[in-house]
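Got your viewer open? Load the model, show it as a cartoon, and follow along one selection at a time.

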Amino acid sequence: IDLATFAAGLPKAELHLHIEGSLEPEQMFAFARRNAVAIPYPDVEAVRAAYAFNNLQDFLDIYYAGADVLRTEADFRELAAAYFARCAADHVVHTEIFFDPQTHTARGIPIGTVIEGLLAGMADAQAEHGISSSLILCFLRHLDEADAFATLEAARPWLDRIAGVGLDSSEQGHPPSKFERVFAAAAEFGLKRVAHAGEEGPPAYVTEALDLLKVDRLDHGNRSLEDPLLVARLARSGMTLTVCPLSNLKLCVVPDIDAHPIDRMLRLGLRATINSDDPAYFGGYVNDNYSAVAASGRLTRDDFVTLARNSFLGSFLPDADVARHL
Ligand code: ADE
Ligand code: ZN
């Protein structure tokens, strides 16, 4: 069998997936119709045609607009169900799902509607597909610290069902330091911590995520490669990087897939993983990402085994469950 087929069949975990980014255009139209929400596109083809981005912000503007069709607990449950069906097809047996409560609460959707809908979808997936999952509550970094604290407070009744907090949205100009106190509060609640860093932002933002946010995992981290001392630190500490090749391509973090540094990351001893980020917007789910890098011809079978192993090693599963998957 060829390399992509081999990689596709490996059991794996996904550690970087924004559930709002799994909203496919067809589902967007279905939710818009039943919720009587207007969408600024005539049809599915027009939506797909709009998915041409020059940078992160281009994407975020369209992604936040798309999320407007999500209104009810049933919407979030079905959104999750569609994503889990893709996980099942891709041999994703565990997934740690990002969600952006502020995108919804700013529109008057209660945080409980979002969380209860997602939790119901996660229970369905465990029962139907045997897929385990957890939730990571992300703060939107373009909003202020007070808004993040209010979000953490609003989530208090559900914190026993949330694995950790994350940091996403517009990176440039919104350094991790802005959220140092919020992340310290999250740590007090026993939550894990992750942050997007070094996607578009400089290596210094990665260092801030480590030193100030005390992250357990780093999302993207591409620009760490510009700083050899930072690379050495990440490698030595066994820090997991949740790398997203097709996202990097679509958001022009790399000029083409053959220039993607996933092979360099592995050769440098970094604990890299492969993930889909926002699959409905970036042209593919986990196995599409594995295939894209397989096709670029710089990785071996052993590398793909390492990537899949890293996805479990970097997960927030209990050690016994990690061991069971290795
Ligand atoms: N929100 C959803 N996807 C994102 C990404 N790749 N970077 C920052 N914020 C995001
Ligand atoms: Zn992301």
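Here is a short walk from the whole chain down to a few chosen residues.

Some ground rules: this is a predicted model, where local features need pLDDT of at least 70, side-chain atom pairs count only at pLDDT 80 or more, and totals for chains, interfaces and linings use all residues. Residues are numbered from 1 along each chain as its sequence is written, while chains are lettered from A and ligands numbered from 1 in the order in which they are written.

**Stop 1: the whole chain**

Colour by secondary structure and you'll have 17 helices and eight strands. Here helices (H or I, at least four residues) and strands (E, at least two) are DSSP runs, numbered from the N terminus. The radius of gyration, taken over C-alpha atoms, is 18 Å, close to the 20 Å from the globule rule (2.2 Å times the number of residues to the power 0.38) for 326 residues, so the chain is as compact as a globular protein of that length. Along the principal axes, the C-alpha atoms fill a box of roughly 50 × 45 × 40 Å.

Of the 326 residues, 48% count as buried. Buried takes 20 or more other C-beta atoms within 10 Å of a residue's own, exposed takes 12 or fewer, and partly exposed is in between, with C-beta atoms placed from the backbone.

**Stop 2: four residues from a record**

Now select His-16, His-18, His-196 and Asp-277, where UniProt (unreviewed entry) places the feature "binding site". Positions follow the numbering used here, feature names are shortened, and such annotations may be inferred rather than shown by experiment. How far apart are their C-alpha atoms? The four span 262 residues in sequence, yet no two of these atoms are more than 11.8 Å apart, so they gather at one spot.

Zoom in on His-18, in strand β1 (residues 12–18). His-18 counts as buried because it has 25 C-beta neighbours inside 10 Å. Leaving aside neighbours within four places in sequence, its contacts (C-beta atoms, placed from the backbone, within 7 Å) are Phe-98, Asp-100, Asp-277 and Asp-278.

Hop over to His-196 in strand β5 (residues 192–197). His-196 is buried too, with 28 other C-beta atoms within 10 Å. Beyond four places in sequence, His-196 is in contact with Leu-167, Asp-168, Glu-171, Asp-219 and His-220.

**Stop 3: around ligand 1**

Select ligand 1 and show what is near it (C-beta atom, placed from the backbone, within 6 Å): the residues include His-18, His-196, Asp-277 and Asp-278. The shell divides into one nonpolar, five polar and four charged residues. In that count, Ala, Val, Leu, Ile, Met, Phe, Trp, Tyr, Cys and Pro are nonpolar, Asp, Glu, Lys and Arg are charged, and the others, Gly among them, are polar.

**Stop 4: helix α10**

Next, pick helix α10 (residues 203–211), where Pro-203, Tyr-205, Val-206, Glu-208 and Ala-209 are buried. Their cover includes β5, β6 (217–220) and α11 (228–237).

**Stop 5: strand β8 and Leu-266**

In a regular strand the side chains alternate between the two faces of the sheet. Strand β8 (residues 271–274) is covered on both faces: Arg-271 and Thr-273 are buried on one side, Ala-272 and Ile-274 on the other. Strand β7 (residues 240–243) pairs with β8 in the parallel sense over four bridges; pairing takes at least two bridges found by DSSP. Ala-272 is the bridge partner of Leu-241.

Finish at Leu-266 in helix α13 (residues 262–267). Beyond four places in sequence, Leu-266 is in contact with Ala-272, Asp-303 and Thr-306.

Terms used. Two residues are in contact if their C-beta atoms, placed from the backbone, lie within 7 Å.
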